[in-house]
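Here is a short briefing for a reader who is meeting this structure for the first time. Take a look at the sequence and the model, then read on.

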Amino acid sequence: MTRHRTWALAVVVVTAALGGCVGPFDAGGQSTAPTATDDPTHTATPVHSSYAQTTVTVQDGDGDAELGAVEATIADNGSLRYTGLSNTESLPENRGMLFVFDSERDLTFVMREMDFAIDIVYIDSNGTITSIHHAPAPGPNEDGNDQEYSGRGQYVLEVNHHWTTDRGVEAGDQVAFELPE
């Protein structure tokens, strides 16, 4: 039997079905995920269909209104977090990737091998959005490793570029989802 942990409002159930594009780093610049040479199973093309899935729902800071929801894939280990959305051609509407860490901490994500722009949403251990970055796709002849986006959280949600702006999502809003244990 699988147990689930619910964050934010009990009424809100969130499913994260995003493909990750960035690799997390701690604030000191050290990778929190293995490199391709550390992980012999690392492949250039992530198979998102094999990832666990969840629904991620965002409500305004007062919990009065649902602002949006996405189906997200869950990246909850070093290999999945490292691969993220790298080498993914596009992200369907209302889809995303939820990166899960053991505890809240300072993180930096990069746009490694990304083909499209995304929003990077940092979420604390209580389900509160702490910051949002609108990350453009790397330019021609760029690998995205120099595009760094820092924040504090236990979770990071990646969604299509301006998904947050289009729905009025901002720091202080609440996120809810269930994680398989």
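The points below cover salt bridges and nonpolar cores.

This is a predicted model. It holds three salt bridges. The largest nonpolar core has 19 residues, and a second, separate core has 18.

**The R167–E93 salt bridge**

- R167 and E93 form a salt bridge through their side chains, with an N to O distance of 3.2 Å.
- The two partners come from distant parts of the chain, 74 residues apart.
- R167 sits in helix α2, which spans residues 163-167.
- E93 sits in the loop between α1 (78-83) and β5 (95-110).
- R167 has a relative accessibility of 21%, so it counts as partly exposed.
- E93 has a relative accessible area of 58%, so it is exposed; the cut-off for exposed is over 50%.

**The salt bridges of R152**

- R152 pairs with E104 in a salt bridge, and their closest N and O atoms are 3.5 Å apart.
- This pair links distant parts of the chain: R152 is in strand β8 (residues 148-160), E104 is in strand β5, and 48 residues separate them.
- R152 also meets D106 in a salt bridge, at 3.3 Å from N to O.
- D106 lies in strand β5 and R152 in strand β8, so this pair ties together parts that are 46 residues apart in sequence.
- Shared partners join E104, D106 and R152 into one network of salt bridges.

**Exposure within the network**

- R152 is partly exposed, at 37% relative accessibility.
- E104 is partly exposed, because its relative accessible area is 27% and the partly exposed range lies between the cut-offs of 20% and 50%.
- D106 is partly exposed too, with a relative accessible area of 38%.

**The nonpolar cores**

- Which residues have the most contacts inside the largest nonpolar core? They are L85, F99, F109, M111, I118, I120 and V156.
- Three elements, β5, β6 (118-123) and β8, give two or more residues to this core.
- Strand β5 gives the most to this core, with five residues.
- The second core is separate and has 18 residues, among them I74, L98, V121 and F177.

**Where the topics meet**

- Strand β5 holds E104 and D106, and β5 also gives the most residues to the largest core.
- Strand β8 holds R152, and β8 is one of the elements that give two or more residues to that core.

Note on methods. Residues are numbered from 1 along each chain as its sequence is written. This is a predicted model: local features need pLDDT of at least 70, side-chain atom pairs count only at pLDDT 80 or more; totals for chains, interfaces and linings use all residues. Side-chain values use heavy atoms; hydrogens and water are left out. A salt bridge is a side-chain nitrogen of Lys or Arg within 4 Å of a carboxyl oxygen of Asp or Glu. Helices (H or I, at least four residues) and strands (E, at least two) are DSSP runs, numbered from the N terminus. Buried means under 20% relative accessible area, exposed over 50%, partly exposed in between (1.4 Å probe, protein chains only). A nonpolar core is a set of buried Ala, Val, Leu, Ile, Met, Phe, Trp, Tyr and Cys residues joined through side-chain atoms within 4.5 Å.
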